[in-house]
2 protein chains.
Amino acid sequence: MDPVEVHLAQVLAAVRPLAPARYGLEAAEGCVLAEDTRAALALPSFDNSAMDGYAVHAADIAAATAEDPVSLPVADEVTAGDTRQLTVEPGSCVIIMTGALMPGGADTVIPVEWTDGGRETAQFHRAAPAGNSVRRRGVDVAVGDLLLPAGTRLGPAQIALLAAGGNAHPLVRRAPVAAVIATGSELVEPGQDLAPGQIWDSNSYLIAAAVRRSGGMARRHRVPDDPVAMLGALEAQAPLCDLLITTGGVSMGGQHDVVKASLSGWDDVTFRKVAMQPGMPQGFGVIGERRTPLFALPGNPVSAFVSFHLFVRPALDALRGLTATTPVLRATLTDGVRSPSGKRSYLRGTLDLAARTVTPLNGQDSHRLGTLAHATALIIVGETVTELAAGAETDVISLP
Amino acid sequence: MDPVEVHLAQVLAAVRPLAPARYGLEAAEGCVLAEDTRAALALPSFDNSAMDGYAVHAADIAAATAEDPVSLPVADEVTAGDTRQLTVEPGSCVIIMTGALMPGGADTVIPVEWTDGGRETAQFHRAAPAGNSVRRRGVDVAVGDLLLPAGTRLGPAQIALLAAGGNAHPLVRRAPVAAVIATGSELVEPGQDLAPGQIWDSNSYLIAAAVRRSGGMARRHRVPDDPVAMLGALEAQAPLCDLLITTGGVSMGGQHDVVKASLSGWDDVTFRKVAMQPGMPQGFGVIGERRTPLFALPGNPVSAFVSFHLFVRPALDALRGLTATTPVLRATLTDGVRSPSGKRSYLRGTLDLAARTVTPLNGQDSHRLGTLAHATALIIVGETVTELAAGAETDVISLP
């Protein structure tokens, strides 16, 4: 058996980031920036007022107090979006709104709250130094500053920063497209009639949803345990997607393991036992002219799900141009757990992030979707550990 | 000024969950279950094999050892998806694959690894009690068990559990649709020509992306500082969406505050100062025949973003049928922070979840998108606290 890290290293060695392209800002949401993006414009791009008030020469109101206010005639008014290049003459003032272009001459803004709010003549009750309530050009971002580095995932604030900087078409890597192929002659579309021996397909839904949750797109397919159908599906889908994910058909036993039987002769696909539970039998390789990565995951839903998080999710990250990491936290077990010697266990549990505790769930068998649906974390128990008591600290993966 | 909780309570008192509807499983991804969903079928729905091996009567091989194996004739073979109701006669065995329907008569499965793998006659090297490697009908979920309670967000494992149970059309609440309206005559579409005094609109992108990141859908709009245009946009959009979100036009100063000027006479819309920084001026109410919730957020991008997380995100949760909570963690400050007396501060920082530390970022002014784009958390400093030193523990909101 190979350690988890050996299989993951094989995966990551074979996966290349997708080719970047320019997208509009809304289409770029959730994508990953493919180049360092520098500011073509300063932010703010012009001196502007941080308050509603009056633009003045600070020297003109240096003596102003509540008892002895200074009066200045109001020469004009400037609102946000007003593109006139006004000038404030000494001994006068201009009404100014938040975000409005600072007129020439004026060096400070007096908030309306420090005045009588006059519209012909304004009385000032307080003085202020030069620069008061003025947002200087470039104080947030100077021209040429690195706005966002390559590899940045574009969430709301990052999209907004690109918008503010006028970067309307950033160079990004799009969401990878996965073809998810559930194998098994026993599988029937959920809700359709079921004979004894048949089950409703859940794996294609599980893995497609997990792909979407991890920043990819996914299409679902289902094929029976028939090597011709299997190879046909792989050949049809490989040119249409960025990665292929099969579930089932990889166990150790048999001639009925259709994925393994179909692909085990191929040079670029490896099947191996990985020292983990669940999820021991794993296949990975590249197929077709485009050398599309292929993940052959085990068929038990929990095994497929754990395998997805350990191997496919990092590959999706790598395709997107993100650094592929599986974030691991430490948490204290509220109950004891057992684990087989020689395998790393990934047990289903519920994580209390505030208390830093994790509670193992009942029903850890790898077909138990009922348990999986209540899990918020995977509890990791190392290969050489067979038991952890309540109160022990261990590694956990928080499920997204 | 009102505390944050007072404004949030007004919001949540006015927001009702959306009407539920039945969706297909892929459309239901990310939606919230609107009713307790019980199992119509047991999981597994029939006794089946957990391994590739042989279905036998346990008594027939009770004496089997490696030195003295027991031989049984192979009567048949059953694969996953085989719907025949086979029976294993005493003194014989049936080859069985993982997931295949357990034949009648047989009470245990012997893994192929404990045999010679024979196809005419099989030699058994180990005995096993009844029930070995057999997944009993209903062991994961019994008929009538609560599969998932109302209020469950349907992620990959929950969708898969519904699929496995044949619940192809769950009753869910869909993603709320928000109309995001950025106000300001200074706003120009990113990338288009800019005169001094104009800025590229980032707020509509920021808030629309935040809505989508929080499980909603969003359309962006932009209106100038013109009450007629503003009211026209509100009246046009209110019947088409589940909530309205405006940015800008709510500050304390002015006749140019278009949102406030347009709506402050309305009975069902309240403008108030909330004791927080950034984000002090807030408006909220319901408008139109459908009593559509309206959030009037301040116009500085950071203020709008913080306001979104404190007030709009909980409302989106409530519309979806989720319990509206803003998860707060404790973390240790790596640097000191200051905060005004009488206001609760939400400072931008970077959170190290593993180390439980949070680092305040430089540039906390509410127009600084450059800082916001690097933040992964909001650091909360209470109303009565004006300073926290490095090493102090404080509440933080982890940004999604």
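**Exercise 1. The contact between the chains**

Determine how many residues the contact takes from chain B and from chain A, and which elements of chain B give two or more residues to it.

*Solution.* Step 1. In this predicted model, the contact draws 72 residues from chain B and 72 residues from chain A.

Step 2. On the side of chain B that touches chain A, two or more residues are given by each of α2 (156-164), β15 (199-200), α3 (203-213), α6 (301-320) and α7 (369-372) of chain B. The largest share is that of α2(B), with eight residues.

Step 3. Sorted by class, this side of chain B holds 38 nonpolar, 23 polar and 11 charged residues.

**Exercise 2. The relation between the copies**

Identify the operation that superposes chain B on chain A, and state which residue of chain B comes closest to the rotation axis.

*Solution.* Step 1. In general, a rotation about an axis and a shift along it relate two copies of a chain.

Step 2. Here the rotation is 180 degrees and the shift along the axis is 0.0 Å, with an RMSD of 0.0 Å. This is therefore the relation of a two-fold axis.

Step 3. Both copies use the same surface: 100% of the contact residues of chain B recur in chain A.

Step 4. Of the residues of chain B, Leu353(B) comes closest to the rotation axis, its C-alpha being at 4.7 Å.

**Exercise 3. The two sides of helix α1(B)**

Assign the buried and the exposed residues of α1(B) to sides of the helix, and name the elements against which the buried residues pack.

*Solution.* Step 1. Within α1 (residues 4-14) of chain B, the buried residues are Val4(B), His7(B) and Val11(B). They lie on the same side of α1(B) because the arc they cover around the axis is only 80 degrees.

Step 2. An α-helix has 3.6 residues a turn, so residues three or four places apart point the same way.

Step 3. Glu5(B), Ala9(B) and Ala13(B) are exposed on the other side of α1(B).

Step 4. The packing partners of the buried residues of α1(B) are β18 (269-273), β19 (276-277), β20 (281-287), α6 and β24 (344-352) of chain B.

**Exercise 4. The overall form of chain A**

Compare the radius of gyration of chain A with that of a compact globule of 400 residues, and describe the chain further.

*Solution.* Step 1. The compact globule would have a radius of gyration near 21 Å, whereas chain A has 31 Å.

Step 2. The C-alpha trace of chain A spans about 95 × 50 × 40 Å along its principal axes.

Step 3. Chain A contains seven helices and 28 strands, and buried residues make up 54% of its 400 residues.

Step 4. Of the contacts in chain A between residues at least 6 apart in sequence, 68% join residues at least 24 apart.

Definitions and conventions:
Residues numbered from 1 in each chain as written. Chains lettered and ligands numbered in written order. Predicted model: local features only at pLDDT ≥ 70, side-chain atom pairs only at ≥ 80, totals over all residues. Least-squares fit on C-alpha atoms with pLDDT ≥ 70 in both. Contact = placed C-beta atoms within 7 Å. Helix = DSSP H or I, 4+ residues; strand = E, 2+ residues; numbered from the N terminus. Nonpolar A, V, L, I, M, F, W, Y, C, P; charged D, E, K, R; others polar. Buried ≥ 20, exposed ≤ 12 C-beta atoms within 10 Å, placed from the backbone. Arc of directions from axis to C-beta. Rg over C-alpha atoms; globule rule 2.2 N^0.38 Å.
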